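Hello,

Here is the structure I promised to pass on to you. Please open it alongside this email, and I will walk you through what turned up.

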Amino acid sequence: MNGERSRRDFVRDGAAGLATLGAVGLAGCTGSLPVIGDDDGAALEQWLVDPSLGDILETDSDDEIDDIERRDRSFVYIAPEAFVDNEEATDPYGGHGALSIESESRSRAGVTATEIDWQLTQTVEYNGENTTGTAIDVTILSGSFDPDDVEESLEQWVDDEYGDDDDQELSSEGEYESFDCYEIDGLGVAVRDNSVIEATGGSLVDPVAALEATIDARVDGDDRWTDDDAEALLDPLESGATVSGNVSEPRTIENAFESQYGHRYDSIDELPEAQREQFEEQFDTEHDDWETGLMGEASSREIDGETTDIVDVLLYDSEGNADAEALRDHVEANRDVGDEWATLEDYSVSDEGRALVLTGTVRTRSLY
């Protein structure tokens, strides 16, 4: 599907852009995340899907399914009304403005940013011997929709996108949990009166299966981001105009070695001494003390006119690596680097086991 890679890059980069500390993280169930929209009180984490790779592959061969070495997950949530209400303090439509995010998905559905309650864009990437590069991208629009109007808009989009190509047409894939499902060129779309879901992936991914996995996460609680790290990472978050995050492997020298040399060596001790010393020196140069063991970050941003309240949560692989003092030193050293740091006021860093939580206030314009 055209633009599939750019969407995935956006979710990863967008999570970073919406967080003061960079790429933000996430994983699961919490009581403090925003209860959003009118979808039976659905909270954000109820839509975060982490499906089994075998459930979404478009193949009957078990040869395509192997042990997952790592899964990187990221998401960006936006409530447009907060930007409309604070338009004088933000630039929501210009450049890389918040309301330009996933405008293509809204256009396909025939709605504008101001006509939805919220949108959530997420990516799950799978990495294994036969699955490197396989991923699913899911976008959810919440609001009030006329399913017939959405279908008509999808048909119009297909006509505009593919013209007279008879091989490309919107196909009905039946109903699933009260959603009307469609598929076109690797893009799956599910529609009902309060939600529109889009799902796409690589050539191995069945987009309709990805849709169904997302719906199951919401309806039955199946395959959500509910691993052991979820509570520690998400509980400190507050409701916000934006909430964003990602989870990946811990930033350790062992994982860096595996990524660079794992195809040739079993352990770092097998590297020639000079090469090992050079590798270790390079890792220390590229990673500050506060980054060691970092495996997940989460952030929320609540706009209050000219200022915005921020909450950043950093999750580490162990309590020993959650060094609050190192993070404070990093914040102080970088407050004059970029607008976000330069306007940070009344901030604090608290230690909550494996997680560090930064709260503070910044100038809204420095973010949006």
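A cut-off first, as it comes up again and again below: a residue is buried when its relative accessible area is under 20%, exposed when that is over 50%, and partly exposed in between. One thing to keep in mind throughout is that this is a predicted model.

**The chain as a whole**

The protein chain has 368 residues, and 50% of them are buried. Its secondary structure comes to 12 helices and 12 strands. If you take the contacts with a separation of 6 or more, 68% of them are between residues 24 or more positions apart.

**Helix 8 and helix 9**

A good place to start is Gln275, which sits in helix 9, residues 273-286. Its relative accessibility is 25%, so Gln275 falls in the partly exposed class. Once neighbours within four places in sequence are set aside, Gln275 is in contact with Tyr261 and Tyr265.

Tyr261 takes us to helix 8, since it is one of the residues through which helix 8 meets helix 9. How do these two helices lie relative to each other? Helix 8 (residues 253-261) packs against helix 9 at an angle of about 120°, and the axes are 11 Å apart. The two helices are therefore oblique to each other, and their crossing is right-handed. On the helix 8 side, the contact is made by Ile253, Ala256, Phe257, Gln260 and Tyr261, while helix 9 brings Gln275, Phe279, Glu280 and Phe283. Sorted by class, that contact has six nonpolar residues, two polar ones and one charged one.

**Just after helix 9**

If you follow the chain onward, Glu291 is in the loop between helix 9 and strand 9 (294-304). Is Glu291 buried or exposed? With a relative accessibility of 13%, Glu291 counts as buried. Its side chain has two polar partners to look at. The side chain of Arg251 joins that of Glu291 through a polar contact of 3.1 Å, and the backbone nitrogen of Asp288 is 2.8 Å from a polar atom of the Glu291 side chain. Not counting residues up to four places away in sequence, Glu291 touches Arg251 and Glu286. You can also find Tyr316 from here: Glu291 and Tyr316 are 25 residues apart in sequence, with 8.6 Å between their C-alpha atoms.

**Two threonines that share partners**

Next, have a look at Thr308 in strand 10, residues 307-316. At 0% relative accessibility, Thr308 is classed as buried. Its side chain makes a polar contact of 2.9 Å with the side chain of Thr364. Beyond its neighbours within four places in sequence, Thr308 is in contact with Arg301, Glu302, Ile303, Gly360, Thr361, Val362, Thr364, Leu367 and Tyr368.

Thr90 comes from another part of the chain, the loop between helix 3 (80-85) and helix 4 (103-109). Thr90 is buried too, because its relative accessibility is 3%. Leaving out residues within four places in sequence, the contacts of Thr90 are Phe83, Ile303, Thr364, Arg365 and Tyr368. Ile303, Thr364 and Tyr368 are thus in contact with Thr90 and with Thr308. A polar atom of the Thr90 side chain also lies 3.2 Å from the backbone oxygen of Asn86.

**Strand 1**

Asp72 is in strand 1, residues 70-78. Which residues does Asp72 contact, leaving aside its neighbours within four places in sequence? They are Thr123, Val124, Glu125, Asn127, Val247, Ser248 and Glu249. For Asn127, the C-alpha separation from Asp72 is 8.3 Å, across 55 residues along the chain.

**Two loops with a positive phi**

Lastly, a point about the backbone. Most residues other than glycine have a negative phi. Glu177, which is not a glycine, has a positive phi of about 50°. Glu177 is in the loop between strand 4 (171-176) and strand 5 (179-184), and at 38% relative accessibility it counts as partly exposed. Asp185 also has a positive phi, near 50°. You will find Asp185 in the loop between strand 5 and strand 6 (187-192). Asp185 is partly exposed as well, since its relative accessibility is 28%.

Enjoy exploring it!

Best wishes

Technical notes:
Residues are numbered from 1 along each chain as its sequence is written. This is a predicted model: local features need pLDDT of at least 70, side-chain atom pairs count only at pLDDT 80 or more; totals for chains, interfaces and linings use all residues. Side-chain values use heavy atoms; hydrogens and water are left out. Helices (H or I, at least four residues) and strands (E, at least two) are DSSP runs, numbered from the N terminus. Buried means under 20% relative accessible area, exposed over 50%, partly exposed in between (1.4 Å probe, protein chains only). Contact means heavy atoms within 4.5 Å. A polar contact is a pair of N or O atoms within 3.5 Å; within protein, one must be able to donate a hydrogen and the other to accept it, and residues adjacent in sequence count only if both atoms are side-chain atoms. Axes are lines fitted to C-alpha atoms, for helices over the stretch in contact, and angles run from 0 to 180 degrees between N-to-C directions. Angles under 35 degrees count as roughly parallel, over 145 as roughly antiparallel, 65 to 115 as roughly perpendicular and the rest as oblique. A crossing is left-handed if the near helix is turned anticlockwise from the far one by less than a right angle, and right-handed if clockwise. Ala, Val, Leu, Ile, Met, Phe, Trp, Tyr, Cys and Pro count as nonpolar, Asp, Glu, Lys and Arg as charged, and the others, Gly among them, as polar.
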